[in-house]
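Q: I'd like a close look at a single part of this protein, and at how that part fits with what surrounds it. Could you walk me through it?

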Amino acid sequence: MVALLPVRSYVQLLAIVVCGNHGALQHAMPAHSAVGIRMSKVRNEYHLVSFDPGGTIGWAHFIYDLRAFSTPEAKVLRWLKHWECGEFEGTENEQVAECSRLIWRAKFGDMPYNTDTDVVAGALSRADFISEDFELTQMIGGKNLLSPVRINAKLDWECHRWGLTLNLQRRSMRTSVTPARLQMFGFDSPFRSNGAWSPTGRGKDAFAAVQHAIVWVRRVKEASRSKPWRAE
C-alpha cells in the first residue's frame with residue numbers, strides 16, 4: 001500500500017523543492033512590457049481567476065461589480081461586467097508563467113476593469129484565485145501524473161510572494177455545472193461556432209476552469225448573505 005500525504009502537503013513540499021533557494025520562480029513580477037507598475041484605482045470590483053491545471057492549463061477570468069454581493073437579493077449575473085476564458089500552451093513552466101501574469105494583472109492592473117486592493121476598509125476591489133485540487137484516482141500517467149500538483153505548488157508560491165492566496169477546490173464540486181446550463185445563462189464557449197461546451201477535446205480545460213469559477217462565485221454569494229459586502 002502506498003502512503004499518501006494530504007494534497008496541501010504535496011503542494012507545500014513541491015513549492016520548497018521548486019522555489020527554494022531563489023529557484024526558477026524568483027522573478028519579482030511579470031515583465032514590465034506586459035504589466036508595468038501602474039496600479040488601477042477602479043473601485044467596486046471583484047475579480048475571480050480560476051485554473052484547471054494539467055498538461056494544458058485552462059483558465060477563466062470573471063469580473064463582477066461588488067454590488068452583486070452587497071445584498072441577499074442582488075442577482076450575480078446582473079452585476080457581471082466581463083468574462084473570458086482560454087487555454088495556455090507550451091511547456092509547464094511557460095504555462096505557469098502565463099498564469100502568473102494573469103494573476104498579477106487581475107489583481108494589480110493591465111486587464112479590463114483593473115483592480116487595486118482587497119476589500120478591507122471599504123469599497124475597494126478584491127480578487128480570488130482558484131485552482132482545481134489534485135485527487136489521485138489512478139497510478140498511471142507517467143511524468144504528467146503529478147503535473148497538477150507541481151503547477152499548484154508553483155502558483156501557490158507565486159500568490160504567497162504577492163500576499164495573495166491560492167484556493168484549491170475539489171474536482172467533484174464542478175460537475176454540477178453542465179455545458180447546457182452554462183449556455184442557458186449566456187456563457188458560450190469560444191472554442192466552437194455554436195457556443196457549445198464539451199468536457200472532451202479542444203476547450204475542455206477552459207470548460208473546467210469556467211465550471212470552477214461558477215462554483216466559487218456561488219459559494220461567495222452564499223457567504224455574502226450573512227456578511228454582505230460594502231460597495232459605493
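Where is R174 found?

A: Happy to take you there. Keep in mind that this is a predicted model. R174 sits in the loop that runs between β5 and α4, the latter spanning residues 179–184. Although it is in a loop, R174 counts as buried, because its relative accessible area is 11% and the cut-off for buried is under 20%. Its side chain joins that of Q211 through a polar contact of 2.6 Å. Setting aside neighbours within four places in sequence, R174 is in contact with E132, A208, Q211, H212 and V215.

Those partners lead to two places. E132 belongs to β4, which covers residues 126–132, while Q211 lies within the range of α5, residues 204–226. Let's follow each in turn, beginning with the sheet.

The sheet is open and has five strands in the order β3-β2-β1-β4-β5, with mixed pairing. Its edges are β3 (80–88) and β5 (166–169), each of which pairs on one side only. From one strand to the next, the twist averages 20°. Strand β4 runs parallel to β1 (residues 45–52), and six bridges join the two. One position to look at there is Y46, whose bridge partner in β4 is R126.

Two helices go with this sheet. Helix α2, residues 92–108, lies across β1, β2, β3 and β4, and runs at about 170° to β1. Helix α3, residues 147–161, packs on the sheet too, touching β1, β2, β4 and β5, and its direction makes about 150° with that of β5.

Now for the α5 side. The largest nonpolar core has 29 residues, and Y46, L48, F62, F69, L182 and V210 are those with the most contacts inside it. Strands β1 and β2 and helix α5 each supply at least two residues of this core, and the largest share, 10 residues, comes from α5. A second, separate core of 20 residues includes V96, A127, F129 and W162. As background, nonpolar side chains in soluble globular proteins tend to be buried together.

F62 is a handy residue to click on in the larger core. Not counting residues up to four places away in sequence, F62 touches Y46, H47, L48, L80, H82, W83, F187, V210, A213 and I214.

Back at the starting point, then: R174 is a buried loop residue, with contacts that include E132 and Q211, and a polar contact joins its side chain to that of Q211.

Note on methods:
Residues are numbered from 1 along each chain as its sequence is written. This is a predicted model: local features need pLDDT of at least 70, side-chain atom pairs count only at pLDDT 80 or more; totals for chains, interfaces and linings use all residues. Side-chain values use heavy atoms; hydrogens and water are left out. Two strands pair if DSSP finds at least two bridges between them. Helices (H or I, at least four residues) and strands (E, at least two) are DSSP runs, numbered from the N terminus. Axes are lines fitted to C-alpha atoms, for helices over the stretch in contact, and angles run from 0 to 180 degrees between N-to-C directions. Contact means heavy atoms within 4.5 Å. Buried means under 20% relative accessible area, exposed over 50%, partly exposed in between (1.4 Å probe, protein chains only). A polar contact is a pair of N or O atoms within 3.5 Å; within protein, one must be able to donate a hydrogen and the other to accept it, and residues adjacent in sequence count only if both atoms are side-chain atoms. A nonpolar core is a set of buried Ala, Val, Leu, Ile, Met, Phe, Trp, Tyr and Cys residues joined through side-chain atoms within 4.5 Å.
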